[in-house]
Amino acid sequence: MAPERVSGPTLAETAARPLERSALRAHPDAKTPAELLVQALEDYRESEQAMRRRLQDDMGMNPSDLLALRMLIAARSAGKTLSPKELAERLGFSSASITALLNRLERSGHLRREPDASDRRGLIVVSTGATDTEMQARMGRMHAGMMDVASSLGPDEAAAVIRTLERLCEVLDAPEAP
């Protein structure tokens with residue numbers, strides 16, 4: 001079955017866009033819309049990774065620290081808590097590695113260990129209010145900018161982007177993918 005045809009700007013119309021960062025200008029060897037799309041996705045991934053590196057540098061953290069904090073903040077937002085063991089499992093860390101990470105983040109004031117209200121013997125790990133505020137301020141600006149861009153799409157454009165990204169995720173998530 002052939003993929004559904006998506007309406008939108010032609011290759012020539014895309015080339016005529018007055019964007020500072022156009023995949024056509026940045027990658028003149030790309031010939032087809034598919035090549036341009038894949039290159040634009042790679043450019044997005046590079047920009048996203050650079051943003052995360054800046055955030056890590058600004059906050060004095062490594063990637064694992066930042067990911068752990070994001071997981072703790074997301075858990076709190078969902079009304080849940082995580083034990084050190086649960087956080088280790090989500091990160092794929094050993095007991096020793098999670099202990100080192102938690103010690104580092106606790107010393108820097110980014111998280112606290114607290115007694116688990118549902119299990120007196122257990123502990124939970126929570127991000128501090130200051131860390132939540134800092135992450136929200138930093139990530140909130142970026143998220144708002146992304147929402148502005150996404151909101152500028154019409155329903156058909158948004159649906160086409162969503163379908164394309166979902167299909168690309170399926171390719172990347174396939175068992176035979178590296």
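**Exercise 1. The chain as a whole**

What percentage of the 178 residues of the protein chain count as buried? Describe also the secondary structure and the surface.

*Solution.* The model is predicted, so local features need pLDDT of at least 70 and side-chain atom pairs count only at pLDDT 80 or more, whereas totals for chains, interfaces and linings use all residues. Residues are numbered from 1 along each chain as its sequence is written, and side-chain values use heavy atoms, with hydrogens and water left out.

Step 1. Of the 178 residues, 27% count as buried (under 20% relative accessible area, with exposed over 50% and partly exposed in between; 1.4 Å probe, protein chains only).

Step 2. The protein chain has eight helices and two strands (DSSP runs, H or I of at least four residues for helices and E of at least two for strands, numbered from the N terminus). Their order along the sequence is α-α-α-α-α-α-β-β-α-α.

Step 3. The accessible surface of the protein chain is about 12,500 Å², and 57% of this belongs to carbon and sulfur atoms (Shrake-Rupley method with a 1.4 Å probe; for residues, only the protein chains shown count as cover).

**Exercise 2. The surroundings of Gln56**

Determine whether Gln56 is buried or exposed, and list its contacts.

*Solution.* Step 1. Gln56 lies in helix α3 (residues 33-59).

Step 2. Because its relative accessibility is 12%, Gln56 counts as buried.

Step 3. With neighbours within four places in sequence set aside, Gln56 contacts Met61, Asn62, Pro63 and Leu66 (contact means heavy atoms within 4.5 Å).

**Exercise 3. The packing of helix α4**

Classify the orientation of α4 relative to α6, α5 and α7, and give the residues in each contact.

*Solution.* Step 1. Helix α4 (residues 63-77) packs against helix α6 (residues 95-107) at an angle of about 80 degrees, with their axes 11 Å apart (axes are lines fitted to C-alpha atoms, for helices over the stretch in contact, and angles run from 0 to 180 degrees between N-to-C directions). The two helices, α4 and α6, are therefore roughly perpendicular (65 to 115 degrees; under 35 is roughly parallel, over 145 roughly antiparallel and the rest oblique). Ser64, Asp65, Ala68 and Leu69 in α4 meet Leu101, Arg104 and Leu105 in α6.

Step 2. For α4 and helix α5 (residues 84-91), the angle is about 120 degrees and the axes are 11 Å apart, and α4 and α5 are therefore oblique to each other. From α4, Leu67, Ala68, Met71 and Leu72 meet Leu87, Arg90 and Leu91 in α5.

Step 3. The axes of α4 and helix α7 (residues 129-151) come within 11 Å and cross at roughly 100 degrees. Helix α4 is therefore roughly perpendicular to α7. Leu66, Leu69, Arg70, Ile73 and Arg76 of α4 make the contact with Thr131, Asp132 and Met135 of α7.
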